[in-house]
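User: Please take a close look at a single part of this structure and explain how that part sits within the rest of the chain.

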Amino acid sequence: MSKKQPANAPAPAAVPTAALPGRLTAAAALTALEGLALAGLGIYMLFVGIAGDPDSPQQAETGGLTLLALAALPLVAARGLRLGRRWSRGPALITQLMALPVAWTLYNTGGAVIAAAVALAVAAVAVVALLVNPTATEALGIGPGEQAR
């Protein structure tokens, strides 16, 4: 049997949620931006592989699919950070640690990609700093006094 509330009964009160600190919101935004950049590059590579004239269409399509798969990690982590989920800190940090060698490689390539390398490195270091900040760790329920759940 289902329990029905009378038509004039008040709606249940919403559970108040604590506002996320700005540091956590900024980390989520930067992580999402990185994920969107990866997804955009993946879509571009797929498009070039299908409609363009690359040296190797198969390589372009495989690279595009790989980038789309890799974009899932920062996008899921950013969503988790935005919702204040403690599990999301690990994937977000892993994403940043993977971004640093990529930025170094882009920087050593030279040319026009140096600006992209610097932007990627700055974003990665900023997100790491934001995520290890005590305010963010407390908001995620991670701290020295917390037991692993």
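**Helix H2 in its setting**

Analyst: The chain holds five helices and zero strands, and its elements, read from the N terminus, run α-α-α-α-α. The model is a predicted one. Of the 149 residues in the chain, 28% are buried. Among contacts between residues at least 6 apart in sequence, 66% join residues at least 24 apart.

Helix H2 covers residues 57-82. Its 26 residues should span 38 Å at 1.5 Å a residue, and because the end C-alpha atoms of H2 are 37 Å apart, the two values agree. After H2 comes Gly84, with a positive phi near 75°.

The buried residues of H2 are Ala60, Gly63, Gly64, Leu67, Ala71, Pro74, Ala77, Ala78, Gly80 and Leu81. An α-helix has 3.6 residues a turn, so residues three or four places apart point the same way. The cover over the buried residues of H2 includes H1, H3 and H4.

H2 also takes part in the largest nonpolar core, which has twelve residues, among them Ala77 and Leu81. The elements that give two or more residues to this core are H1 (22-51), H2, H3 (89-109) and H4 (113-132). Other members of the core include Leu24, Ala27, Leu93, Val127 and Leu140. Val127, leaving aside its neighbours within four places in sequence, is in contact with Ala27, Leu30, Thr31 and Gln96.

As for the surface, the chain exposes about 9900 Å², of which carbon and sulfur atoms supply 67%.

Terms used:
Residues are numbered from 1 along each chain as its sequence is written. This is a predicted model: local features need pLDDT of at least 70, side-chain atom pairs count only at pLDDT 80 or more; totals for chains, interfaces and linings use all residues. Side-chain values use heavy atoms; hydrogens and water are left out. A nonpolar core is a set of buried Ala, Val, Leu, Ile, Met, Phe, Trp, Tyr and Cys residues joined through side-chain atoms within 4.5 Å. Buried means under 20% relative accessible area, exposed over 50%, partly exposed in between (1.4 Å probe, protein chains only). Helices (H or I, at least four residues) and strands (E, at least two) are DSSP runs, numbered from the N terminus. Contact means heavy atoms within 4.5 Å. The expected span of a helix is 1.5 Å times one less than its number of residues. Accessible areas come from the Shrake-Rupley method with a 1.4 Å probe; for residues, only the protein chains shown count as cover.
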